[in-house]
Every structure is written in structure tokens, then in C-alpha cells.
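Biologist: I should like to understand the terms applied to this structure. Could you take me through them in order?

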Amino acid sequence: MIQVEQLTKHYTQGKNVVRALDGVSLGIEKGEFIAVVGRSGSGKTTMLDALGLLLRPTGGRIVVDGTDTTRLSDDRKARLRVDKIGFIFQEYNLLPTLNAIENVMLPLQYARHPKGDREWARTLLAEVGLADRMRHRPDQLSGGEQQRVAIARSLVNRPSLVLGDEPTGAVDTETSDQLAAIMRRMNVQHGVTFVIVTHDIDLAAKADRIIRLKDGKVVADETAALEAVAV
Amino acid sequence: MTQIVRNLTRRKLRSFLTISGIVIGIVALTTMGALANNFNALLDGGAKYYAGYVPVADAASNGVTGGGVLPLSKQGDIASVSGVARVFPTIMVAARPGALQVVSFGVPDYIGSYDPEEDNYSALKTSFASGGNVTASGQIVLGSSFAREFNKKIGDTILLPVKSADATADFVQHSYTVVGVLEPTLTAPDTGAFVNLADAQQLFKEQLPVALQPTFDQTKYVAGFDVYGTPGTNLDQLADRINAQVSGVKAQRPSVIVQALKDGGALFTEITTAAALLALIIGGLAVINTMIMAVSERVREIGIKKAIGATTRAVMREFLLESSFIGLLGGIVGFGLGFAVTVLINASLPAAQGDIFLVTPGLAALCVGFALALGTLAGIIPAFRASRLDPVTALRAN
């Protein structure tokens with residue numbers, strides 16, 4: 001589904017070149033639930049941004065469902081994102097002026113051929129346990145509820161891949177467990193691939209594949225017990 | 001649309017002030033435009049009127065507004081000039097002799113001689129709102145503003161000329177019976193009252209200096225003539241021929257009068273438009289400032305939208321729609337207020353003044369359309385900045 005080949009991303013800081021990603025190669029198959037772990041500065045978020053086609057790599061290439069994204073324009077990438085990729089952010093990133101269902105439906109207004117509708121948005125909100133919170137605005141929802149809305153939003157246009165950047169990073173342990181369970185259920189129920197960057201060992205433990213990054217390189221890529229990857 | 005309204009209500013005071021800037025500009029454009037419209041309608045009517053005949057007056061005058069005295073016998077001399085179809089003697093006297101009117105947005109009230117046949121030749125056609133033509137001495141037809149000012153209708157009597165407070169004891173007034181009231185023309189006939197030639201000649205005499213009146217036989221004199229050409233006659237050339245062949249008169253070229261009227265109208269329009277545009281530019285700058293602030297405050301939101309699939313064009317469109325909406329709202333409210341101002345001022349003016357504002361559908365479209373365009377233009381730079389934001393940087397903005 002996604003092929004990453006010799007992906008590099010270098011930044012210049014003064015006279016130094018920071019190798020945020022340094023020759024990352026991996027393949028992601030449909031329906032996988034992948035946790036990306038590593039210390040801060042290991043390149044996790046940069047890799048997620050690259051997979052989400054939000055930044056232009058310095059080298060290498062990313063192929064999404066057979067489309068080489070290397071030379072795509074920003075707008076072509078945006079269209080590819082809305083059609084195939086959903087995002088979940090650590091800080092929820094809901095629009096404050098929209099209520100829950102409007103936030104969920106937001107990606108649909110940017111899709112040329114929306115694959116969801118209001119009914120599907122309602123279904124998703126019900127699936128994440130917010131059937132009675134659809135008209136609430138973000139400031140009327142708890143952190144966990146906001147993240148559930150964000151999960152529903154990430155799935156509304158029926159993407160094949162959902163990228164999560166520390167999705168449980170801003171909630172308590174109990175809520176974190178609930179969110180992890182929801183994401184895993186969505187992964188199984190809807191056959192959507194999840195790639196989650198996390199420091200949360202409980203969330204990583206629910207993954208069926210764990211990729212460990214260090215200094216911009218993949219140092220481990222396996223289905224393994226959490227203890228083995230030692231986040 | 002819902003999102004636009006919600007975004008505007010996030011910063012209520014700022015949105016209010018920004019929209020107010022546009023509103024003030026559009027109120028200015030509406031009132032100034034209505035003022036220019038009214039003035040131009042007056043001049044257009046005049047231009048249409050003057051384009052159709054050759055005014056002839058005393059040789060010492062400017063050939064248009066009279067001011068002198070011409071023997072009625074000149075009528076025959078003028079009629080014999082090649083290309084002349086009809087010659088109508090004319091007299092126009094002040095309806096309020098002695099009144100001081102320094103500034104006017106229209107033609108001051110007047111009493112004129114009136115031959116119903118002239119309507120068959122004149123380019124400016126009049127029609128009756130009620131009643132009909134003068135058929136005998138002692139009868140009068142009133143222009144629409146004149147009738148409203150004196151609150152007269154068919155069958156009423158009216159004493160004219162109007163006696164001023166400081167008039168002398170021998171000031172003469174005549175009683176006329178109103179036999180007709182004209183439809184509004186937006187130009188000179190509206191403030192006129194029309195009697196037959198004999199009555200007009202009598203009034204003409206009574207407004208001469210007292211020392212001249214005893215020896216003045218008013219039946220032999222008029223103030224000027226309206227000369228109409230035969231079909232196909234060049235009226236400028238006809239004026240030249242009259243000047244060459246008839247002594248003691250001055251025929252004015254119609255094209256000169258029309259051009260003078262147009263020049264006056266253009267200058268007035270330029271002044272009023274410039275004043276309104278200045279106010280609108282200030283309103284436009286307020287929109288630019290507001291939208292730049294909005295972009296700065298919503299960097300993270302722009303990042304979110306880009307991450308979930310908004311294209312450059314989609315982001316740009318959203319901000320342009322928002323700034324356009326500000327312009328449209330300001331335009332509608334501003335035009336509404338401006339229109340109300342014109343109605344109130346028109347209603348509060350003395351009837352003798354007549355309306356000074358004329359709001360037309362075209363002016364409404366101009367005001368709202370201009371505000372919409374201004375809002376859209378003002379949003380271009382902020383929208384462009386928003387659309388070009390790097391999504392990764394924007395997503396991590398505080």
C-alpha cells in the first residue's frame with residue numbers, strides 16, 4: 001500500500017545539517033496497526049509528516065497505492081491526503097467554531113468526490129461514543145472527547161491510512177486506554193491502516209508492528225513485545 | 001456561510017469596527033451618488049431640452065437665460081431665416097421676486113409663458129398628472145414640485161408672484177386658477193408655473209424697474225424666443241444664420257449649452273465620487289488589516305485544514321469569501337443607512353427646495369457591488385498569505 005524508499009530529510013541549523021530522516025525504507029500493508037517509537041528527536045514526527053505528504057523529503061521517495069508522490073504538486077498531495085489519509089494530532093486540532101459533527105465532516109468539504117456524508121459522520125461519532133455530543137463545540141468537550149471527535153474526523157472520508165501523532169499524549173491513562181481501544185477497533189472494523197507515533201507504551205503494546213527510530217534511521221521493525229523495543 | 005459568520009463573531013468588536021468602516025464609506029457613496037444623480041438628472045433634462053432648439057435672446061445676453069427685452073416683431077424676422085420651423089415667444093420671471101437664494105440644487109421657482117403647441121416640437125415632453133392645458137388668461141399649469149410646494153390641485157386658486165416680506169406696498173399679485181399639474185420631469189419644468197403669453201407679458205412688465213413701467217407696452221415685447229428647426233436642420237448652423245441675418249439678437253448654439261451642462265455634471269460627479277472613494281479606501285484598509293489579523297490568529301487552523309486535504313485554492317477561497325462577506329454586509333447595511341439618510345433629508349427639506357437626492361436601482365447596485373468588490377480585493381493579500389502557509393509549520397504554531 002505504501003512504499004518508503006531511502007527517505008531522507010535534512011535540515012540546516014546554522015552550519016550544521018540535521019538528518020531528521022536518514023535513509024528510511026519500509027513497506028506498509030493494508031490493515032496494519034503500526035506504532036512508531038523512539039526518543040525525542042529520533043525522527044518519528046518527521047517520518048509521520050513525510051508519510052502524510054506534508055513535507056517534501058530531501059531524498060528518496062514515497063509511493064502511495066502505486067502513486068509516486070515525489071514530484072506531485074502541493075495541491076495534488078492535498079487531494080491525495082483527503083482521499084487516502086486521515087490525521088489524528090496530539091492536541092486534537094479541532095476547529096473551535098465548529099461543533100463535533102461539523103468538525104468530523106470538515107474533510108468532506110475538501111474532497112472532490114466525498115466518500116462519506118452526514119449520516120456516516122453520525123455513525124462514526126456514535127462508534128466513538130459521542131452520539132449525545134454531536135452538537136457540542138470543542139470547548140464543551142473534554143480532552144478525551146475531543147480526541148474521539150478527531151478520530152472520527154480522520155475516518156470520515158474512508159481513508160486507507162490514518163496517521164496519529166501522539167494521539168494519547170494529552171490525556172490521562174484511562175482515557176488513553178479508551179482511545180487506544182477505539183483506534184484498534186476502527187482498524188479492525190473498517191480495515192484502515194493506522195500508523196501511530198507514540199511514547200505511550202500501552203498504546204504501542206496494542207500495535208501488531210512496532211518500528212523503532214533512532215537518529216533518523218529504522219533500528220527495529222518487528223512484531224514484538226513492548227519490552228523488546230524499550231520506548 | 002455558517003463558518004464565515006462564526007469566524008466573524010469570534011472577534012465581535014473587531015468585526016463590528018471593520019464592517020462599520022465599510023458602512024461609513026458606502027453611506028458616503030450612497031448619499032454623494034444620490035446627490036450627483038439628482039444633479040445629473042437635472043442637467044440631463046436640461047441637455048435634452050436645450051439640444052432640441054435654438055434659444056434666442058437679447059444681443060447683450062448670453063443667449064440662453066435672457067435678461068433682456070426683445071421686440072415681439074423679431075419673431076417674424078427669425079421665422080424668415082432658412083431652416084426655421086417655428087418660433088415661440090418666451091418669457092420667464094421669478095416666482096419669488098426679491099427672494100435671496102444663494103445656493104440651489106435646482107432651478108428656482110419661476111413663472112413662464114406657455115404655448116401647448118411647443119410640446120410638439122420640444123425634445124423634452126411633458127405630460128399631465130392631472131388637468132390639462134391653459135386655454136385662457138387667469139389659468140395656470142403647475143410643475144410637480146411647484147404644486148407640492150404650494151399644496152395646490154386642479155380648481156384651486158393661487159396668488160402669484162409670491163410677495164416677499166420686504167415687498168413694497170405697490171407689489172402686484174394675480175390670482176390664477178390651477179387647470180393642470182405636470183408629471184415630474186426631474187428638471188426645470190418641475191419648479192415652474194405656466195401661464196399664457198399675455199399673462200406672462202403682464203408679469204414681465206411688473207418686474208421691470210418702476211420708472212420704465214408706465215411707458216412700456218408689454219404686448220410688444222418678450223424676453224426671448226425658442227426657435228425650432230425643420231427636420232434635418234443643423235441647429236448650430238441655424239443659430240449662426242440667425243445671428244448673421246437678424247440684428248439685435250443673440251442665438252446660442254445648442255451644442256455649446258449642452259457641453260456646458262455636461263461639463264458641470266462631470267465636475268460635480270468627480271467631486272462627489274472622489275469624496276466617497278476616499279471614505280471607501282479607508283474602509284478597505286480596515287478590511288485588509290482585519291483579514292491579516294485573522295490569518296495570523298488562525299495559522300494553526302490553516303495547518304489543520306491543509307493537513308486534512310484543503311488545497312491552496314480552497315484556503316484562499318475561504319479567506320476571500322470571508323472578506324467578500326464583510327464587504328457585502330457593509331455594502332448592504334451602508335446602502336440601507338445611506339438610503340434612509342437621503343429619504344429623511346429629502347423629506348425634511350422645504351418644498352421650495354425640492355429633492356436633492358435621487359437614489360436609483362443603478363446606484364444601489366453600484367454601492368453594494370463596489371463594497372463587495374472592495375472586500376474581495378482587500379482579502380486577496382491576506383488570503384494569498386494564508387494559502388501559502390507551510391502546513392507543517394502552521395500545524396505547530398501556537
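Modeller: A crossing of two helices is left-handed if the near helix is turned anticlockwise from the far one by less than a right angle, and right-handed if it is turned clockwise. By that rule, the crossing of H7(B) and H10(B) is right-handed. Please bear in mind throughout that this is a predicted model.

Biologist: How is the packing of H7(B) and H10(B) described?

Modeller: Two packed helices are described by the angle between their axes and the distance between the axes. For helix H7 (residues 254–297) of chain B and H10(B), the angle is about 30° and the axes are 9 Å apart. Among the residues making this contact are Gly283(B), Gly284(B) and Val287(B) of H7(B), with Leu374(B), Gly375(B) and Ala378(B) of H10(B). By class, the contact has 13 nonpolar, four polar and one charged residues.

Biologist: What makes H2(B) and H10(B) roughly parallel or roughly antiparallel?

Modeller: The axes of helix H2 (residues 12–50) and helix H10 (residues 361–387) of chain B cross at roughly 155° and come within 10 Å. Angles over 145 degrees count as roughly antiparallel, and H2(B) and H10(B) are therefore roughly antiparallel to each other. H2(B) passes H10(B) in a right-handed crossing. The contact includes Ile22(B), Ile26(B) and Leu29(B) of H2(B), and Leu363(B), Leu366(B) and Phe370(B) of H10(B). This contact has nine nonpolar, three polar and no charged residues.

Biologist: Why is Asn196(B) called buried or exposed?

Modeller: A residue is buried if 20 or more other C-beta atoms lie within 10 Å of its own. Asn196(B) has 20 such neighbours, and therefore counts as buried. Asn196(B) is placed in the loop between strand E10 (192–195) and helix H5 (197–206) of chain B. Leaving aside neighbours within four places in sequence, its contacts are Ser113(B), Tyr114(B), Val134(B) and Ser137(B). The C-alpha atoms of Asn196(B) and Asp115(B) are separated by 6.6 Å, although the two residues are 81 residues apart along the chain.

Biologist: What makes helix H8 of chain B mostly covered?

Modeller: In H8(B), residues 299–307, seven of the nine residues are buried. Glu301(B), Lys305(B) and Lys306(B) are among them. The cover includes H2 and strand E6 (85–88) of chain A, together with helix H9 (312–348), H10 and helix H11 (391–395) of chain B. After H8(B) comes Gly309(B), with a positive phi near 120°.

Biologist: Which helices of chain A supply at least two residues of the side that touches chain B?

Modeller: Helix H2 (74–84) and helix H3 (100–110) of chain A do so. H2(A) gives the largest share, six residues. In the interface as a whole, 18 residues of chain A are in contact with 17 residues of chain B. The residues on the side of chain A divide into 10 nonpolar, three polar and five charged.

Biologist: Where in chain A is the pLDDT below 50?

Modeller: It is below 50 over residues 226–231 of chain A, a stretch that has 12 contacts beyond near neighbours in sequence. Among the elements of chain A, helix H8 (residues 226–229) has the lowest mean pLDDT, 44, and H3(A) the highest, 94. Where pLDDT is low, the predicted coordinates should not be read in detail. Chain A averages a pLDDT of 88, and 97% of the residues score at least 70.

Terms used:
Residues numbered from 1 in each chain as written. Chains lettered and ligands numbered in written order. Predicted model: local features only at pLDDT ≥ 70, side-chain atom pairs only at ≥ 80, totals over all residues. Contact = placed C-beta atoms within 7 Å. Helix = DSSP H or I, 4+ residues; strand = E, 2+ residues; numbered from the N terminus. Nonpolar A, V, L, I, M, F, W, Y, C, P; charged D, E, K, R; others polar. Axes fitted to C-alpha atoms, helices over the stretch in contact; angles between N-to-C directions. Parallel < 35°, antiparallel > 145°, perpendicular 65-115°, else oblique. pLDDT = per-residue confidence, 0-100. Buried ≥ 20, exposed ≤ 12 C-beta atoms within 10 Å, placed from the backbone.
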